[in-house]
Amino acid sequence: MHSDTALRDPNEVTHLARLGSAHAHRLSFMRVLLRRLKRENWRFSRHRFEIDASGVGRAVYLAAGPERTYALVAFAHDLPDELRSDRVIAEAWDTTFCLHDGVPTDADLDRLAANVPKQEAGRISGRELSLSRANRSVRLFKTVIDALSRGQQPDADELMRVGYLMRTTAVYGSGKFGAADRDAIAGRAEFTSPFQVELLNVYLIRAFTVDLVEHMAMARGGDNAVALDPALRRTLGVGNSTGLGMAPFLVNHPRLTHAWLHARETALARVRALPTATQQGVETFVQFLRRAQRNADTWHSEHPVQQPKIASLVADLNRLSHHLDSFDWQIAQPWNALWRWAESALGLEGQEQLLALMLEPHGVLVDDLADRLSTAEPFPALDARGTVGSLQAFLDTHYAWALSIDHTSDTSRARFWYVSEEKLEPRLGERFDEPGAEREQPLGISWQIRQLAEALAACDPDLPLADFLARHPEHRHTVRRAQLAPQHPYMEVRDNLLDATMLPIDLLRVKLAFFGANRFDPRSDRWLRITMFQHAPYPHELQAGEADDWCYPRVANA
Amino acid sequence: MIVSLGEVEAMVRKAARGAGWPWGHAEELGASARALCAAGFPGAALAAALLDAHGDDGTCPIRQSAHWCDTRQLPDASVTVRCPLLSVPLLATVFCSDNRVLQARWDGAMITADATGHTCADDPHRAATTGARGIKFTAVHHTPASQAVARAVGVEVQDANWHALDRHAQHSYVPASEQSRMGAGPTD
């Protein structure tokens, strides 16, 4: 029996500053994916590689699981430097990809060749599960090819610093641009955890990027060329630029948000409830602390918001390390004691990193929670059987956090979320300076709850809710959403998402941490770069090696 | 064109919003169109027809159905709603509990829906009418058959219907400006 007691209070967990300090952990989706690929003995092959010396052509990589085979179809282009842009409004990319359901035929490849390079302007089909594209890291891509073609290895420090040969600028799944709906594949065991399609796509892209530079180096250097050293290759992941497009996801999928946070919080509670710590568990924890320290030490960002957060993390981890020097692991519930200490001794960055580290030695105890990361999201029925008064009492109970936010000032409603006519991407506007606020997206939950509460207050408390909704259909979506809250206490970001001081990168960070990214590098308050699968084994290395020991860089004796 | 069910739901929701609908009803129209498409009916075309018919004269299938769901009471008498098939998925979510199915009849058509989303019509062409009078909705006891629900993977939508929805959806977007591009994110 696991103890699920002592889950942290949603008021503590789901405010933006803490969500924006989230770290990857054992239940992060990339780690769930690689554990499965190894456990199920997936087989990988380079099915086709028809690419010329300049890096133009197409390739197909196969991933074969126990029941089904999937194919990464890659189209490599020769993009002039002036056309290369990471913005979602770009119209050309160095490489475009899709994940195909099965082994593609020649006809499939011709169909995909006519559509995948166009990305949003093309159409894929229910045989495709994901659509994506990537741009080269211009400097590192050339540097690596130059070195390998001359028979030399590229500079290890530079590889580590940049971290990737290509960065994806969008990875679409779930029915986008004609791809298969989530419902169509949700029953497949390999896709029960979230975003496994998209991350399998990225994982195969990573292998392709290294094959591509080695191929181009070979074409240039001939017999002089060498392959990339396997140890250096490990230091390369796939870069990713993530902007506002990802930010509304958590608000638009409250049941999923709850599932992710609830699984993570349950894992933490299980570890805290352990009556004792094993010697092996402590040793593993300390090793991972050292590696997390190295990760923090090598985490650089030029962004003024991120720099003090990294400094805080470094200081917190040092404090934790010193605390462990005299920590008595023989006391009852030692993990809980450590956590209690951290709650007052460490900042948010340190606490959330500690959470991830405490899960590391306890895979047997917590990894089953990966099965709870997904949830069906049927269209929720609205229950209007109560009265205005009963809904008021409901809001007082479940939305006290929203009702406590002061929405009277202009700064509290300074922003509005909207969908841009250009590329149909979510953006953030200044309500009182820009046109378009009348087309606002309903992401300001606390403001909507406030407006609902005010409308309720103007009515007779005995008025049937059905009559209220007939008179006020503008509040219908808010009521429907709010009624999910009792069963999903972690579903709301308990902050004002319209406030002038709100940082969208906090929303991006928590989502990307659940993906399994670390070393977040914000480039503004609304987009950031990360590296995915850095230090992870490559597909051909999975069976012989460890699949789940790559989230932090290795250090000597660790 | 072939579109996914997710695209149908999102497009219809945005189109309804662009046509001035409140978010709650826009969500309901999107969900209804999706459910109909999944069951093989022309949900997107019906949504486009509904949104193209201006004004609310008390015959909106979504607004009417929402109120019947809210009051947990189907109308005793026959009623008039436009595109009545769009009512069926919404009503089925509320009135199909306890081994009941929803039956809807109009113009000689009979549609049956259950809580799993399984929807069938004895005359699919008549079922997909955009205008009908004398519509009768009833919830009747029925022992559900243990049949699997076949759901479409991709659905065919006439270009004209998709473009009609898109014209409405355009009114839910904010035109680009240099200021808005600054808020877009990555700039190299």
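In this predicted model, Asp70(B) and Arg476(A) pair up through their side chains in a salt bridge, 2.8 Å from N to O. The rule finds seven salt bridges across the interface of chain B and chain A. Polar contacts between chain B and chain A come to 18 residue pairs, both partners being at pLDDT 80 or more. On the chain B side, strand E1 (2-4), helix H1 (5-18), H2, helix H4 (61-71) and helix H8 (178-182) each bring at least two residues to the surface that touches chain A. H2(B) gives the most, with seven residues. By type, the chain B residues on that side split into 17 nonpolar, 14 polar and 11 charged.

How big is this contact overall? The size of an interface is often given as the accessible area lost when the parts come together. Here chain B and chain A bury about 3,900 Å² between them, and 51% of that is on carbon and sulfur atoms. In residues, the contact draws 52 from chain A and 42 from chain B.

Another salt bridge runs between the side chains of Arg480(A) and Glu27(B), at 3.3 Å from N to O. Arg480(A) sits in helix H21 (residues 476-482) of chain A and Glu27(B) in helix H2 (residues 23-38) of chain B, so this pair joins two chains. Are these two residues, Arg480(A) and Glu27(B), buried or exposed? Both Arg480(A) and Glu27(B) are buried.

**Salt bridges**

Side chains of opposite charge can pair when their charged atoms come close. Over all chains, the count comes to 55 salt bridges. Here are four of them, with the closest N and O atoms in each pair:

| Salt bridge | N to O distance |
|---|---|
| Asp70(B) and Arg476(A) | 2.8 Å |
| Arg480(A) and Glu27(B) | 3.3 Å |
| Glu265(A) and Arg8(A) | 2.8 Å |
| Arg46(A) and Asp211(A) | 3.4 Å |

Take the pair within chain A made by Glu265(A) and Arg8(A), with its closest N and O atoms 2.8 Å apart. This salt bridge links distant parts of the chain: Glu265(A) belongs to helix H11 (residues 254-272) of chain A, while Arg8(A) is in the segment before helix H1 (10-13) of chain A, 257 residues apart. Glu265(A) and Arg8(A) are both buried.

Arg46(A) and Asp211(A) also link distant parts of the chain, with Arg46(A) in strand E1 of chain A, Asp211(A) in helix H8 (residues 196-221) of chain A, and their positions 165 residues apart. Arg46(A) is partly exposed, its relative accessible area being 45%.

Back to the interface pair for a moment: Arg480(A) and Glu27(B) meet at 3.3 Å. Elsewhere, salt bridges that share partners tie Arg8(A), Glu12(A), Arg18(A), Arg264(A), Glu265(A) and Glu352(A) into one network.

**Two helices of chain A**

Which residues of helix H4 (residues 106-113) of chain A are buried? They are Asp108(A), Leu109(A) and Leu112(A). Looking down the axis of H4(A), these buried residues fall within an arc of 95°, so they line one face of the helix. What they pack against is a set of strands of chain A: E1 (43-51), E2 (57-64), E3 (69-76), E4 (95-101) and E5 (128-136).

Helix H17 (residues 388-398) of chain A has Val388(A), Leu391(A), Phe394(A) and Leu395(A) as its buried residues. Seen down the axis of H17(A), they fall within an arc of 115°, so they too line one face of the helix. The face turned away from that buried side carries the exposed residues Asp396(A) and Thr397(A). For H17(A), the packing partners of the buried residues are helices of chain A: H18 (400-403), H19 (445-457), H20 (465-471) and H21.

**Chain B on its own**

Chain B has eight helices and seven strands, and 51% of its 188 residues are buried. Of the contacts in chain B with a separation of 6 or more, 67% are between residues 24 or more positions apart.

For a single-residue view, Thr112(B) lies in strand E4 (residues 109-113) of chain B. Thr112(B) has a relative accessible area of 19%, and buried means under 20%, so Thr112(B) counts as buried. Leaving out neighbours within four places in sequence, Thr112(B) is in contact with Val101(B), Leu102(B), Gln103(B), His118(B), Thr119(B) and Cys120(B).

Methods. Residues numbered from 1 in each chain as written. Chains lettered and ligands numbered in written order. Predicted model: local features only at pLDDT ≥ 70, side-chain atom pairs only at ≥ 80, totals over all residues. Heavy atoms only, no water. Buried < 20%, exposed > 50% of the residue type's maximum accessible area, 1.4 Å probe, protein only. Helix = DSSP H or I, 4+ residues; strand = E, 2+ residues; numbered from the N terminus. Arc of directions from axis to C-beta. Contact = heavy atoms within 4.5 Å. Salt bridge = Lys/Arg side-chain N within 4 Å of Asp/Glu carboxyl O. Buried area = accessible area lost by both parts, 1.4 Å probe. Polar contact = N/O pair within 3.5 Å; in protein donor to acceptor, adjacent residues only side chain to side chain. Nonpolar A, V, L, I, M, F, W, Y, C, P; charged D, E, K, R; others polar.
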